[in-house]
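User: Hi! I'm new to protein structures and would like to learn how to read one. Could you walk me through it?

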Amino acid sequence: TCGVNGTTTFKNGHLLPHPYDHQVAAAPHLHTAGNTTVPAIYYLSCACGETGTTTFVGAIDPYAGFTFEVCDGGYAIHTYTGDETAPVIPASYNDQPVLMIQNSAFYANEFVARITIPAGITSIGYDAFADCSRLSQVTLSEGLSTIGSCAFRNCVELKEIVIPSSVNAIDKGAFFGAGLETITLPLLDQFHETDTHSFRRLFYSSEEGTYNMVATSVILTSG
């Protein structure tokens with residue numbers, strides 16, 4: 001035992017040294033910060049809180065910052081409140097697939113700059129990434145079918161988006177107020193080259209009924 005903070009242990013009349021035998025994954029013991037792919041490294045510590053010099057590797061928690069709710073067939077991302085700039089959306093939770101991103105799940109997160117929507121996600125809810133002021137890169141994977149109303153509203157740093165051919169519904173105002181300069185759309189039934197009304201729906205505001213379109217390049221692909 002440590003002889004600090006009220007615990008006095010002697011051996012042969014001498015105070016015992018700190019036994020650095022505690023693995024504490026806390027900021028005061030941080031040696032090297034980790035991220036979503038590389039674990040953090042911490043110093044072993046004493047029970048009294050004194051930090052030693054030996055290090056250990058902290059485990060990665062793939063669910064850090066995320067909360068989940070049950071949905072049909074699996075789970076949905078309910079909220080993300082973490083501070084990662086490029087959080088990795090888990091493919092599964094409790095051995096069930098993660099299928100949806102719920103309404104306002106990442107709303108106004110001030111840290112997220114890059115996000116990849118994995119192939120298992122089929123829908124992105126209303127306001128899911130709205131007002132994410134640093135969000136500049138979004139990758140949408142094949143398998144996504146629905147982008148909800150105002151999903152990326154006011155993502156002013158988002159300059160480019162590629163809509164996968166699996167998407168069959170993009171609700172009103174999905175990209176209202178975003179900084180989009182280039183949009184790549186598949187030639188789906190809901191996006192005819194001459195159908196300006198269905199295209200403009202992406203940039204209408206649900207709340208104000210106003211139209212906002214800043215893109216200078218629209219690319220239509222065969223999918």
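**Reading the fold step by step**

Analyst: Sure. The structure holds zero disulfides. Keep in mind that this is a predicted model.

User: Where do the cysteines C71 and C150 sit, buried or exposed?

Analyst: The idea is to look at relative accessibility, where buried means under 20%. C71 has 15%, so it counts as buried. C150 has 0%, so it is buried too.

User: Where along the chain is C150?

Analyst: C150 lies in the loop between strand 13 (146-147) and strand 14 (160-162). Its backbone is worth a look: phi is near 60 degrees, a positive value in a residue other than glycine.

User: What is the phi of D131?

Analyst: For D131, phi is positive as well, near 60 degrees, and again this is not a glycine. You'll find D131 in the loop between strand 11 (123-124) and strand 12 (137-140). With a relative accessible area of 26%, D131 is partly exposed.

User: Let's move to sheets. In what order do strands 3, 4 and 5 line up?

Analyst: To read a sheet, follow which strand pairs with which. Here three strands make an open sheet in the order 3-4-5, with antiparallel pairing. Strand 3 (30-32) and strand 5 (51-57) stand at the edges with a single partner strand each, so one side of each has no neighbour in the sheet. On average, neighbouring strands of this sheet are turned by 40 degrees against each other, direction ignored.

User: How many bridges join strand 4 to strand 5?

Analyst: Four bridges join strand 4 (residues 41-45) to strand 5. For one example, find Y43 and look across to T55, its bridge partner in strand 5.

User: And where do side chains point in a strand?

Analyst: In a regular strand they alternate between the two faces of the sheet.

User: Which strands does strand 7 pair with, and which way do they run?

Analyst: Check the directions for each pair. Strand 6 (residues 66-71) and strand 7 run antiparallel, joined by six bridges. There, E69 stands opposite A76. The hairpin of these two strands has two residues between them, and G73 takes a positive phi near 90 degrees in it. With strand 9 (residues 96-101), strand 7 runs parallel, and three bridges join them. In that pair, Y75 stands opposite V98.

User: Why is strand 7 called largely enclosed?

Analyst: Strand 7 (residues 74-80) has five of its seven residues buried, so the rest of the structure largely encloses it.

User: What about the inside of the protein?

Analyst: In soluble globular proteins, nonpolar side chains tend to be buried together. In this model, the largest nonpolar core has 37 residues. Strand 7 gives the largest share of this core, three residues. Among the residues with the most contacts inside the core are I101, F106 and F129.

User: What does F129 touch, beyond its neighbours within four places in sequence?

Analyst: Setting those neighbours aside, F129 is in contact with residues including I101, I115, L135, F152 and C155.

User: And which residues does P118 contact?

Analyst: Skip the neighbours within four places in sequence again, and P118 is in contact with I89 and S141. P118 belongs to the loop between strand 10 (114-117) and strand 11. You can also compare sequence with space: P118 and L99 are 19 residues apart in sequence and 9.4 Å apart in space, C-alpha to C-alpha.

Methods
Residues are numbered from 1 along each chain as its sequence is written. This is a predicted model: local features need pLDDT of at least 70, side-chain atom pairs count only at pLDDT 80 or more; totals for chains, interfaces and linings use all residues. Side-chain values use heavy atoms; hydrogens and water are left out. Two strands pair if DSSP finds at least two bridges between them. Axes are lines fitted to C-alpha atoms, for helices over the stretch in contact, and angles run from 0 to 180 degrees between N-to-C directions. Buried means under 20% relative accessible area, exposed over 50%, partly exposed in between (1.4 Å probe, protein chains only). A disulfide is a pair of cysteine sulfur atoms within 2.5 Å. Contact means heavy atoms within 4.5 Å. A nonpolar core is a set of buried Ala, Val, Leu, Ile, Met, Phe, Trp, Tyr and Cys residues joined through side-chain atoms within 4.5 Å.
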